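Trainee: Pick one part of this model and walk me through it closely, please. I'd like to see what it packs against and then how the rest fits around it.

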Amino acid sequence: MLDIYIMGKRYQVPEGLTIQAAMEYCGYRLIRGCGCRAAFCGACGTVYNFKNDPTLRYALACQKLVEQDMYLTQIPFFPAAKPSYDLEKMEPTGEQILKIYPELLTCFGCNNCTKSCPQDLEVMWYMSDALRGDIKEVAIKSFDCIMCGLCAARCPQGLVPYNIALLCRRLYGRYVTPRSKHLDDRIAEIEEGKFDAEIKELQNMSLEELRQRFDKRKILKE
Ligand code: FES
């Protein structure tokens, strides 16, 4: 068993639990800040430190295992700046990115964003790609970002790297990558009503019938 502290109160929990599981073991019910439990949704970014060591560390609560004398607390969601924009009225350029996120110019390369990333992404590098207007590089390098917000929480200049990268991926998808022919074909099929009968049939099924249908999906057998 390990000693951990939640909001200053000491608990004993089995070794091998994640922060999330340890909090639940201690009786906390996690309703917010908890989603996929598998490092995909980015809902569980959290901070922790240790007895006699106040330095804050950052992690995903669903992945980080508890350690002896770990201090945990509940923290609010990271409410980072999220300007709204109309993708249809934009250009895929560096100037466009700076217009929406001018704080990008103030990055002085401390690398805190990279060090805080639970996905081990090279956040600072793709922020400099964004500054140069290399939207493709940002889109590729940030592809595995789960939008947990830890990079923004650590940036001393107030940058929101995960939203900047999201803008770049949107611009890349909208203006740079070629249009997908099979997607166009599928949209045309949907608009022609090719799947209407099947959708109607599904809508009229009971929950049990839907479950059986799901279990019989070919994809599960292959
Ligand atoms: S709960 Fe989804 S990333 Fe941790």
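Mentor: Let's take helix α7: the cover over its buried residues includes α2 (94-100), α3 (112-116), α4 (123-132), α5 and α6 (150-154). Contact here has a plain cut-off: C-beta atoms, placed from the backbone, within 7 Å of each other. Helices are DSSP runs of H or I with at least four residues, strands are runs of E with at least two, and both are numbered from the N terminus. Keep in mind that this is a predicted model, so local features need pLDDT of at least 70 and side-chain atom pairs count only at pLDDT 80 or more, while totals for chains, interfaces and linings use all residues. Residue numbers start from 1 along each chain as its sequence is written.

Now, α7 itself spans residues 161-176, and its buried residues are P161, Y162, N163, I164, A165, L167, C168 and L171. Buried means 20 or more other C-beta atoms within 10 Å of a residue's own; exposed is 12 or fewer, partly exposed is in between, and the C-beta atoms are placed from the backbone.

Two of those α7 names come back in the largest nonpolar core: of its 43 residues, V123, M127, C151, I164 and C168 touch the most other members. At least two residues each come from α1 (19-25), β4 (53-60), β5, α4, α5, α6 and α7, and α7 gives the most, with six. Because domain 1 (2-72) and domain 2 (87-176) both give residues to this core, it lies between them. By a core I mean buried Ala, Val, Leu, Ile, Met, Phe, Trp, Tyr and Cys residues joined through C-beta atoms within 7 Å. The domain bounds come from an automatic or database assignment.

C151 shows the link to α7 nicely: leaving aside neighbours within four places in sequence, C151 is in contact with C113, S116, C117, V123, P161 and Y162.

Over in α5, have a look at K141. K141 counts as buried because it has 20 C-beta neighbours inside 10 Å. Beyond four places in sequence, its contacts are L121, E122, W125, Y126 and D129. K141 and V123 sit 18 residues apart in sequence, with 8.1 Å between their C-alpha atoms.

For contrast, try helix α8 (residues 181-191), which is hardly covered: of its eleven residues, the buried count is zero. After α8 comes G193, with a positive phi near 85°.

On the strand side, five strands make an open sheet of mixed pairing, ordered β2-β1-β5-β3-β4. Its edges are β2 and β4, each pairing on one side only. Pairing takes at least two DSSP bridges between two strands. β1 (residues 2-6) runs antiparallel to β2 (residues 9-13) over five bridges, with L2 partnered by V13 and D3 opposite Q12. Two residues separate those strands in the hairpin, and M7 takes a positive phi near 50° there. β1 also runs parallel to β5 (residues 70-72), joined by three bridges, with I6 bridging to L72.

How far should you trust all this? The mean pLDDT, the predictor's confidence per residue from 0 to 100, is 92, and 99% of the residues score at least 70. Among the elements, α5 (residues 135-141) has the highest mean at 97, and α11 (residues 218-221) the lowest at 64. Where pLDDT is low, the predicted coordinates should not be read in detail.

Conventions: Two residues are in contact if their C-beta atoms, placed from the backbone, lie within 7 Å.
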